[in-house]
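Reader: Could you walk me through some of the helices here, and keep the cut-offs explicit as you go?

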Amino acid sequence: MDGTQAGTPDPRGLAALILGASLLGFAAMLVRWAAPAGPLAVGFYRMAIALPPVAWLAWRARNSARRDAGKSRLWAGVAGLCFVGDLWMWHSSLHHTSAANATLLVTLAPIWVAVVSVVWLGARLRRQFWLGVALALGGALILGLAKGARWGTGLGELLGALASLAYGAFTLALGRARQELSAPEALFWVVLCCMVGFGVLGLAQGEAFSGYPARAWWALAGLGLVVQVVAWWLITWGIGHVSTNLGAMGLMTQPVATVILGWLLLGESVRPLQGVGTLLVLAGIAACALAPPLPEKKPTRA
């Protein structure tokens, strides 16, 4: 499943990852159009609508499934729960800080992925990779400042940082699951666990799951089919063909796509500062793509 983890990344995997992350740019607009549905209800219907086609894709790929992949299915379930935690904390942070602050802090996820990979997983990353991370984070910072990101009371910022930790854990768990699972099967278990998690949290917090206008239902259908099925299938397949660190960096294409789609579809103005931030993010991803991990050190005999 993952023959490129330690060497040069598969261009097809990187292209699929970036295309999928770009399609995630539609999520912000669709969530806005799904009002008055609450964030947990949106998450639940996004997964519930996606589950049938994802289950069909997983069924078609059943011949490639390994009988001893139970641990990888568990990792896929963990990834789903981490994704629920990420969105839950991110949406909660919006009540205590600006959307720009919350979105900016979530972009810290590649840092956590890189640190965990180096400290606990024994990865050896090149200086050029760390330079790419710095460029991309600098670009994300500029994009956030251009949208009005400012330090708030601290609680919203803390929740945003915790959301980035959850997103980093999601990326690591999904990468681990993809070592043995096909993309459709891994996505199936992620979607199933997400649907259950969002449903339980939504009921616990008393969110309404019905009574929406027709536009909201169309937006929810778009989230389920375009974002969760198409975009996340591309991302899940791509993560199986690149290193987990590069996968986390590739996901930073989303805020860039959000700016571009907002300009094209919603008529939102794009400031020169946002253009600079976009170029830095793309340059950072390119630098990381051209810096595959160093081979592991072989232990020497005494």
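Reader: How many residues has helix α1, and how far does it reach from its first C-alpha to its last?
Author: Helix α1, a DSSP run (H or I, at least four residues, numbered from the N terminus), covers residues 11-23, has 13 residues and reaches 18 Å, close to the 18 Å expected at 1.5 Å a residue; the expected span is 1.5 Å times one less than the number of residues. This is a predicted model, in which local features need pLDDT of at least 70, side-chain atom pairs count only at pLDDT 80 or more, and totals for chains, interfaces and linings use all residues. Residues are numbered from 1 along each chain as its sequence is written, and side-chain values use heavy atoms, with hydrogens and water left out.

Reader: Which residues of α1 are buried?
Author: Gly13, Leu14, Ala16, Leu17, Gly20, Ala21 and Leu23 are buried, meaning under 20% relative accessible area with a 1.4 Å probe, protein chains only.

Reader: Switching topic, at what angle do α3 and α4 pack?
Author: Helix α3 (residues 39-60) and α4 pack at about 150 degrees with their axes 10 Å apart, which makes α3 roughly antiparallel to α4, a label for angles over 145 degrees. The axes are lines fitted to C-alpha atoms over the stretch in contact, and angles run from 0 to 180 degrees between N-to-C directions.

Reader: And which residues meet there?
Author: Pro39, Leu40, Arg46 and Met47 in α3 meet Phe83, Leu87, Trp88 and His91 in α4, where contact means heavy atoms within 4.5 Å.

Reader: What about α4 and α9, how do their axes cross?
Author: The axes of α4 (residues 70-93) and α9 (residues 183-204) come within 7 Å and cross at roughly 45 degrees.

Conventions:
Helices (H or I, at least four residues) and strands (E, at least two) are DSSP runs, numbered from the N terminus. Buried means under 20% relative accessible area, exposed over 50%, partly exposed in between (1.4 Å probe, protein chains only). Angles under 35 degrees count as roughly parallel, over 145 as roughly antiparallel, 65 to 115 as roughly perpendicular and the rest as oblique.
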